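Hi everyone, thanks for making time this morning. I'd like to walk you through a structure that may be new to many of you, so please settle in and have a look at it with me.

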Amino acid sequence: QPTPFACPFHGSEAGRSFDPFGPAYQADPAEALRWSRESEPVFFSEPLGYWVVSRYDDIKAIFRDPILFSPANALEKITPPSPEAVEVLARANYAMNRTLVNEDEPAHMARRRVLLDAFTPHALAAHRPMVRDLVRGRLDAIVDKGRSDLVADMLWDVPLTVALHFLGVPPDDMDKLRSFSVAHTVNTWGRPSPDQQVAVAEGVAAFWTYSGEVLARMAARVDAGEHPHGWMYDMIAKNRVMPDIVTDNYLHSMMMAIIVAAHETTALASANMFRRLLEDRAQWDAICADPALIPAAVEECLRHSGSVVAWRRVATADAQVAGVTIPAGGKILMVTASANHDPRQFDNPDALDIWRDNAADHLTFGYGAHQCMGKNLGRMEMAVMLEEVSRRLPHLRLEDQAFTYLPNISFRGPEAVWVHWNPALNPAQTAP
Ligand code: HEM
């Protein structure tokens, strides 16, 4: 009778040798797990040391039970740091720990509950005009040019500016934040080579220090009795009255994590969205003709090509998933991109179909107790970008290009999306 830990040595060769840093997963995570969805929905990947789960129902069941399947490893470095990298981080007193997304119950729900006000529909609606102005400004700068990398010209810095505005963080140092974000993603979800480890650790250490400095400046204003706008200010104010729930370490960890969570996710999702819609001219034209289709198109793009393709949990006791025993302590990689392409849940799942009636069932925002708090902010930003671009540049064409991605297991979106159009054919804009 094999012990649960012997399970890794059973299962198929495809499962045992599966490596999400390999070319197949990096090229297309959902496609790379087609065989698993079909025949072996839970397996142990030896190169990764994780149990990989690929079907929709199994992943949703894991999300539904944050006690048996703890999120504690959600922000763990997937590649163990080298001793040199550990030293760099120690010198910066790096102490990134629990935020919300990796906090266990009951601490998580107590904290989440007191931090919800910034996400009410009313609070989110107040950001919409600002997002639209920002997008219009970016478009004004490019409409006469005839060619653009949408990522560089709009899709990266609109979500970053919105995220900083939402958080109340001063919009200084945007370039620095961009490089910090990349370092944080590679550090947490990537596989830096031994040579890259130190450079990545230096980036993360600088990000940690920077986050602490910004936090200290913001906290000083709260302590001086000011009430500036922004979710980080709300958190600092709660910390002052309920430090056991909104802890000091939480503030510093969250300051760093949320800058990435709130903008990189949305920037990558928007890049995926423009790429996919422009690849399917009939659906792009349908949106241009009828902007009422835009919310459904956003949702379908989040399903078909989400910006978060996998998320992690750790089993707190022996657990059954699709008939396989995952032992206590077993780490789990839920490939949500695979769940979103599961034919048991979505008809013809590989086709982009903006008329699909259950696209919103996708798991790109997670599910259950930890489901993304910012999902409606992200959706709104994507919708406004699509509204404005389809209105002002309906004749936009995607250029032939080889899309490149930052190698990592969870965050996915092309690094550039090159498009062109004939400015002489820009529609005259009469609407404001
Ligand atoms: C959590 C994805 C935008 C804030 C999450 C999770 C995912 C995710 C997968 C983990 C869910 C789980 O464990 O069940 C995304 C995607 C976005 C996006 C794909 C954009 C397209 C945002 C934005 C914010 C945000 C704009 C802004 C404020 C958060 C927070 C959590 C979270 C605070 C932790 C919630 C908790 O653990 O209680 N997000 N996110 N996200 N997201 Fe997002």
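I'll go through the metal site, the enclosed spaces, the sheet and then the salt bridges.

Before we start, please keep in mind that this is a predicted model.

Let's begin with the iron. Which residue is the only protein donor of the iron atom of the ligand? It is Cys372, which uses its SG atom at 2.3 Å. If you want to find cysteine 372 along the chain, look in the loop between α18, residues 336–339, and α19, residues 375–392.

Keep that cysteine in view, as we now turn to the cavities. Searching the whole structure gives three cavities of 30 Å³ or more. The largest cavity has a volume of about 800 Å³. Its lining takes in 43 residues, and those nearest the centre are Val101, Ala261, Thr265, Cys372 and Met373. So here is Cys372 again, among the residues nearest the centre of the largest cavity. The elements that give two or more residues to this lining are α7 (107–114), α11 (157–167), α12 (174–189), α15, β5 and α19. Which of the elements gives the most to the lining? That is α15, with eight residues. By class, the lining of the largest cavity has 26 nonpolar, 13 polar and four charged residues.

The second largest cavity holds about 60 Å³ of space. Among the residues lining this second cavity are Lys77, Thr79, Pro81 and Asn187. Helices α6 (83–91) and α13 (194–223) each supply at least two residues of that lining, and α13 gives the most, with three. Here the classes come out as six nonpolar, three polar and one charged.

There are open spaces too. The largest pocket contains about 270 Å³ of space. Of the 22 residues that line the pocket, Asp28, Arg276, His304, Ser305 and His341 lie nearest its centre. Two or more lining residues come from each of α3 (29–32), α15 (248–279), α17 (294–304) and α18. You may remember α15 from a moment ago, where it gave eight residues to the lining of the largest cavity. In the pocket, the lining has seven nonpolar, eight polar and seven charged residues.

Now for the sheet. Five strands form an open sheet with mixed pairing, in the order β1-β2-β8-β5-β3. At the edges are β1 (42–45) and β3, each of which pairs on one side only.

Let's stop at β5, residues 311–315. Is this strand buried or exposed? Five of its five residues are buried, so β5 is largely enclosed by the rest of the structure. Trp311, Arg313 and Ala315 point one way, while Arg312 and Val314 point the other. That fits a general pattern: in a regular strand, side chains alternate between the two faces of the sheet.

What about the neighbours of β5? Strand β3, residues 69–70, pairs with β5 in the antiparallel sense over two bridges, and phenylalanine 69 has alanine 315 as its bridge partner. Strand β8, residues 331–334, is also antiparallel to β5, with four bridges joining them. One of the partnerships here is arginine 313 with isoleucine 332. Strand β2, residues 50–53, runs parallel to β8 and is joined to it by three bridges, with valine 52 standing opposite leucine 333.

Last stop, the salt bridges. How many salt bridges are there? The count comes to 26. I'll show you three.

Take arginine 132 and glutamate 387, whose closest N and O atoms are 2.6 Å apart. This pair links distant parts of the chain, from helix α9 (residues 128–142) to helix α19, 255 residues apart. Glutamate 387 counts as partly exposed, at 21% relative accessibility.

Next, aspartate 285 meets arginine 281 in a salt bridge, at 3.5 Å from N to O. These two are four residues apart in helix α16 (residues 281–289), so about one helical turn separates them.

Finally, the side chains of arginine 379 and glutamate 299 meet at 2.8 Å, N to O. Arginine 379 sits in α19 and glutamate 299 in α17, so the pair ties together parts 80 residues apart in sequence. Salt bridges that share partners also join Arg128, Arg132, Arg136, Glu387, Glu388 and Arg391 into one network.

That's my tour, and I'm happy to take your questions.

Technical notes:
Residues numbered from 1 in each chain as written. Predicted model: local features only at pLDDT ≥ 70, side-chain atom pairs only at ≥ 80, totals over all residues. Heavy atoms only, no water. Donors = N, O, S within 2.8 Å, 3.2 Å for Na, K, Ca; no water. 1 Å grid on protein atoms, 1.4 Å probe; cavity = no way out; pocket = protein on both sides within 12 Å on 5 of 7 lines; lining within 4 Å. Points joined across faces, edges and corners; volume = space filled by probe spheres on them. Nonpolar A, V, L, I, M, F, W, Y, C, P; charged D, E, K, R; others polar. Buried < 20%, exposed > 50% of the residue type's maximum accessible area, 1.4 Å probe, protein only. Pairing = 2+ DSSP bridges. Salt bridge = Lys/Arg side-chain N within 4 Å of Asp/Glu carboxyl O.
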